[in-house]
Amino acid sequence: MKIGVSSSLFLDSNVDLTNSLEFLEKKVKYVELVCDGHINVMEKENMDIPHSYNLDYTLHCPLTDLNLSSFREKIRNVSLDFVEDIVKTADKVHANLVVLHPGYCVFKSDYEKATKSLITSLKGLNDIQKEYSINITIENMPSYNMFMFREPNDEIMGNLGNLGITFDIGHSFLNNNIEEFLSDGIIEKIAHIHIHDNNGEFDEHLCVGNGKIDFEKYMPLLKKINCIKMIEMQNKSFNDLDLCIDNIKKYYR
């Protein structure tokens, strides 16, 4: 079983990327590198550090500044150009998969335009994926109205092309649609999993087992997905990491 941990565990801490990876190398084989904060792997001083460790990597896009759903073409195009920079970074650190957020739309009246813009961006992402031979995935988002791709709707699913889905089970739980994402025709598109827990109200990124997600219920379907199960907890839950790994192993046995 492929269990990994996102280096986001060390955001808002005093631990640098070197010590983060040194710690995680003793726990897991797979690590998701991030493009934010003091452990931003896109920064020149951090870019060579991952090569020093016996780890396999995925790469998560920045949490801010990108909007692939912007109907303002200059912003959308700049976002798409920056994705290419992210993919180039993935290539440099030998990450074979990139996780992207689909973007956002603040006002309901703009949703149709934002959806059309996202579909256009998906076509561009397919071109980038083909050029660099690095898997690009789109992550399903939590239950805040402004986020796109909160559910596996036909408009987005029908335009993914060769892109995959990063299935965030915590986000899906907040939207009450885990079964939809794990249904036939959609589950096959899942190439990566973010695994964490919450109590059904907020995106808490808790240790698996410390929230209300019934992992045992969904495990028969989750076991069918041959990909990395990437633990994505926040620094506040640092002391729960070993418990989280153990709980996931228990559910997957």
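**Helix faces, salt bridges and a surface patch**

Helix H8 covers residues 241–252, and its twelve residues should span 16 Å at 1.5 Å a residue; the end C-alpha atoms sit 17 Å apart, which agrees. The expected span here is 1.5 Å times one less than the number of residues in the helix. Helices (H or I, at least four residues) and strands (E, at least two) are DSSP runs, numbered from the N terminus. The model is a predicted one, so local features were taken at pLDDT of at least 70 and side-chain atom pairs at pLDDT 80 or more, while totals for chains, interfaces and linings use all residues. Numbering starts from 1 along each chain as its sequence is written, and side-chain values use heavy atoms, with hydrogens and water left out.

Back to H8, then. Its buried residues are Leu241, Cys244, Ile245, Asn247, Ile248, Tyr251 and Tyr252. Viewed down the helix axis, the buried residues of H8 fall within an arc of 165°, so they line one face of the helix. The arc is that of the directions from the helix axis to the C-beta atoms, and buried means under 20% relative accessible area, with exposed over 50% and partly exposed in between (1.4 Å probe, protein chains only). Packed against the buried residues of H8 are strand S1 (3–6), helix H1 (17–25), strand S7 (190–195), helix H7 (215–222) and strand S8 (229–231); contact means heavy atoms within 4.5 Å.

H7 can be read in a similar way. Phe215, Tyr218, Met219 and Leu222 are buried in this helix. Down the axis of H7, these buried residues fall within an arc of 130°, so they too line one face. On the face turned away from that buried side sit the exposed residues Glu216 and Pro220. The cover over the buried residues of H7 includes strand S6 (164–168), helix H5 (169–174), H6, S7, S8 and H8.

Next come the charged pairs. Side chains of opposite charge can pair when their charged atoms come close. With a salt bridge taken as a side-chain nitrogen of Lys or Arg within 4 Å of a carboxyl oxygen of Asp or Glu, the count comes to five. One of them involves H7: Lys217 bridges to Glu179, with the closest N and O atoms 3.4 Å apart. This pair ties together distant parts of the chain, as Lys217 is in helix H7 and Glu179 is in helix H6 (residues 178–181), 38 residues apart. Glu179 counts as partly exposed because its relative accessibility is 38%.

Two further bridges each stay within a single helix. An α-helix has 3.6 residues a turn, so residues three or four places apart point the same way. In helix H2, Arg76 and Glu73 are three residues apart and therefore separated by about one helical turn; their closest N and O atoms are 2.7 Å apart. Arg76 counts as buried at 5% relative accessibility, whereas Glu73 is partly exposed at 41%. In helix H3, Glu112 and Lys116 are four residues apart, so about one helical turn separates them, and their closest N and O atoms lie 3.8 Å apart. Both ends of this bridge are out in the open by the cut-off: Glu112 counts as exposed at 55% relative accessibility, and Lys116 at 53%.

H3 (residues 111–132) also holds Gly124, which counts as buried because its relative accessibility is 14%. Gly124 and Leu182 are 58 residues apart in sequence and 26 Å apart in space, C-alpha to C-alpha.

Backbone angles come next. Most residues other than glycine have a negative phi, and most peptide bonds are trans. Asp65, although not a glycine, has a positive phi of about 80°. Asp65 belongs to the loop between strand S3 (56–60) and helix H2 (73–92), and at 73% relative accessibility it counts as exposed. His205 is not a glycine either, yet has a positive phi of about 55°. The loop between S7 and H7 is where His205 lies, and at 8% relative accessibility this residue counts as buried.

Finally, the surface. Tyr104, Val106, Phe107, Tyr144, Met146 and Phe202 make up a nonpolar patch with about 620 Å² of accessible area together. Patches are made of residues with over 30% relative accessible area and no salt bridge, joining like charges within 9 Å and nonpolar side chains (Val, Leu, Ile, Met, Phe, Trp, Tyr) within 5 Å. Accessible areas come from the Shrake-Rupley method with a 1.4 Å probe, and for residues only the protein chains shown count as cover. Within the patch, Tyr144 counts as partly exposed because its relative accessibility is 37%. Tyr144 lies in the loop between strand S5 (135–139) and helix H4 (154–157).
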